[in-house]
Amino acid sequence: MKKVFYLNFITKNKYLDTSIYKIIYYDTNKGLSYMNQIKATITNIKKHQNISALSFDALGFHMSMVALELNEKLQVGTHVTIKAKATNISLAKEIEHQISISNQLHGEVYEIDNGVILCSVKIKIKDTILESIITQNSASKMDIKVGDKIIALIKATDISVAQIVGENG
């Protein structure tokens with residue numbers, strides 16, 4: 001499987017002499033891709049004014065998401081596919097103290113693709129593969145290897161519903 005990474009120029013900061021790029025890659029087998037997809041079932045919905053907090057059962061883990069506008073078809077028991085960008089998934093080998101990132105998915109490093117600047121780390125969680133794109137520096141500091149136990153961390157604000165699959169029962 002050949003991957004070609006593209007850097008999509010977004011903006012240049014003339015004061016700091018730095019640029020911000022959006023990372024997109026083209027996988028010759030799958031086409032343009034940069035979103036992880038996870039099958040989930042909505043277990044709770046809490047609404048206040050125009051903000052909604054959704055809870056999910058996904059891969060045997062409790063996950064949560066915050067949304068400003070909620071599709072009326074989304075109800076408790078609805079089966080959905082949720083998505084998160086690979087660049088929005090942080091990694092940890094262990095967590096010693098409480099952290100504010102509510103979505104913590106425990107898995108195993110399945111594949112590593114080291115680049116000069118960036119590193120693609122694929123994590124196997126049950127029958128799902130998630131990809132995290134981190135800096136090569138971070139991957140080296142963590143000494144990440146295939147087979148390592150790893151925790152994928154995703155903020156509730158970095159998740160969205162990609163697709164409604166169906167309703168329960």
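This report describes the nonpolar core of a predicted model and the strands and residues around Leu105 and Asn103.

## Basis

In this predicted model, local features need pLDDT of at least 70 and side-chain atom pairs count only at pLDDT 80 or more, whereas totals for chains, interfaces and linings use all residues. Residues are numbered from 1 along each chain as its sequence is written, and side-chain values use heavy atoms, with hydrogens and water left out.

## The nonpolar core

The largest nonpolar core (buried Ala, Val, Leu, Ile, Met, Phe, Trp, Tyr and Cys residues joined through side-chain atoms within 4.5 Å) has 32 residues, and Leu105 is among those with the most contacts inside it. Strands (DSSP runs of at least two residues, numbered from the N terminus) that each supply at least two residues of this core include E4 (35-48), E9 (103-114) and E12 (149-154).

Beyond its neighbours within four places in sequence, Leu105 is in contact (heavy atoms within 4.5 Å) with residues including Ile38, Met63, Ile125 and Ala152.

## Strand E12 and its partners

Because 5 of its 6 residues are buried (under 20% relative accessible area, with a 1.4 Å probe and protein chains only), E12 is largely enclosed by the rest of the structure. Strands count as paired if DSSP finds at least two bridges between them; E12 pairs in the antiparallel sense with E9 over 6 bridges and with E8 (residues 90-92) over 3 bridges. Gln104 has Leu153 in E12 as its bridge partner, while Leu91 stands opposite Ala152 in E12.

## Asn103

Asn103, placed in strand E9, counts as buried because its relative accessibility is 0%. A polar atom of its side chain lies 2.6 Å from the backbone nitrogen of Ser64, and the side chain of Asn103 also reaches the backbone oxygen of Ile154 at 2.9 Å.

Methods: Buried < 20%, exposed > 50% of the residue type's maximum accessible area, 1.4 Å probe, protein only. Helix = DSSP H or I, 4+ residues; strand = E, 2+ residues; numbered from the N terminus. Polar contact = N/O pair within 3.5 Å; in protein donor to acceptor, adjacent residues only side chain to side chain.
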